[in-house]
Amino acid sequence: MKTVLTAVAAVMLSVGGYAQTVTKSEKGAMIDCSALKSDGFTKVHKARTTFGTNDNSIPIKENATDIASKVSNDKIYYKFEVHGTPNSTSMAAGWRGAIDLCAGLYGGLEWRLPTQRELMLISVLHPELKEVTDFAPFSTSGNWSATQGSSGYSWNVNVINGSTGTSSKTYKYSRVRCVREIP
C-alpha cells in the first residue's frame with residue numbers, strides 16, 4: 001500500500017509539469033490542483049468529523065459523511081489551504097483528538113484534519129510550501145491523517161520524507177496540520 005501511495009504522489013507531482021500551484025494564503029498556503037486533468041480530485045466538500053473513536057469501538061461508515069473513511073480518502077479536494085503552523089493537541093488525545101482539534105479550529109469554521117492522500121500531496125509540495133510563506137516546520141515524525149487504517153489504527157505521513165504508515169489511534173503524536181477547502 002505504501003508503494004502504491006508513493007507512486008500516486010509522484011504521478012501527481014509530475015502531471016502537467018507542476019500543474020499544481022502553491023500560493024500564500026491568509027493562514028498559511030493554498031494548494032491549487034484545479035489545472036490538473038485527473039479524476040483523482042474532487043469539488044465535493046469532505047466531511048470534517050468522524051464517528052470513530054481512538055479504540056475503534058464505533059466502526060467507520062464507508063461513505064463521504066465520515067472523514068475517516070476510505071471513501072473520503074479516495075480523492076483530494078482540488079483546492080485547499082494548509083495551515084501555516086502546526087496545532088498542538090493534548091498528548092493523551094490521540095487520533096480522535098486531532099480530528100476534533102481541526103474541526104473546532106477558529107470556532108469550527110471549515111478546518112479539518114487532512115486525509116492521507118492530502119498529506120502525501122503536502123509532502124510532495126513541502127519545499128514549495130516553505131518557499132511561499134513562513135511555514136513553521138513540519139513534525140519530523142508522522143503527522144496524523146484523518147484516514148483510518150485497520151481496526152484501531154490510523155494512517156500517518158512523515159511530511160519531511162514522504163513515508164507513510166499506520167499507528168495506533170492512541171499514539172501520542174502531539175502536532176497536527178489542519179486544512180480547509182477553498183471554493
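Start by selecting strands E2 (residues 28-32) and E5 in this predicted model: the two run antiparallel and are joined by five bridges. To see how they line up, pick Ala29, which stands opposite Val82 in E5.

Stay with E5, residues 79-83, and show its side chains. This strand is mostly covered, with five of its five residues buried. Colour Lys79, Glu81 and His83 one way, since they point to one side of E5, and give Phe80 and Val82 another colour, as they point the other way.

Next, add strand E11. Three bridges join E5 to E11, and this pair is also antiparallel. Val82 is a handy landmark again: it stands opposite Val179 in E11.

Now move along E11 to Arg180 and display its side chain. Is Arg180 buried or exposed? With a relative accessible area of 14%, Arg180 is buried. Three salt-bridge partners are worth selecting one at a time:

- Glu81 forms a salt bridge with Arg180, the closest N and O atoms being 2.5 Å apart. This links strand E5 to strand E11, across 99 residues of the chain. Glu81 is buried, with a relative accessible area of 1%.
- Glu110 also forms a salt bridge with Arg180, here with 3.7 Å between the closest N and O atoms. Glu110 sits in the loop between H3 and helix H4 (116-124), so its pairing with Arg180 in E11 ties together parts that are 70 residues apart in sequence. At 43% relative accessibility, Glu110 is partly exposed.
- Glu26 meets Arg180 in a salt bridge at 3.8 Å, N to O. Glu26 belongs to the loop between strand E1 (21-24) and E2, 154 residues from Arg180. Its relative accessible area is 66%, so Glu26 is exposed.

Keep all four side chains on screen: Glu26, Glu81, Glu110 and Arg180 form one network through salt bridges that share partners. The structure's salt-bridge count comes to seven.

For the last stop, select Cys102 and Cys178. A disulfide joins them, with an S to S distance of 2.1 Å, and the structure holds one disulfide. Cys102 lies in helix H3 (residues 94-103) and Cys178 in the loop between strands E10 (175-176) and E11 (179-181), so the bond ties together parts 76 residues apart in sequence. Set a dihedral about the S-S bond and you should read about -80°, so the disulfide is left-handed. Both cysteines are buried.

Finally, show the whole of H3. Seven of its ten residues are buried, so the helix is largely enclosed by the rest of the structure. Among the buried ones are Trp95, Ile99 and Cys102.

Terms used. Residues are numbered from 1 along each chain as its sequence is written. This is a predicted model: local features need pLDDT of at least 70, side-chain atom pairs count only at pLDDT 80 or more; totals for chains, interfaces and linings use all residues. Side-chain values use heavy atoms; hydrogens and water are left out. A disulfide is a pair of cysteine sulfur atoms within 2.5 Å. Helices (H or I, at least four residues) and strands (E, at least two) are DSSP runs, numbered from the N terminus. Buried means under 20% relative accessible area, exposed over 50%, partly exposed in between (1.4 Å probe, protein chains only). Two strands pair if DSSP finds at least two bridges between them.
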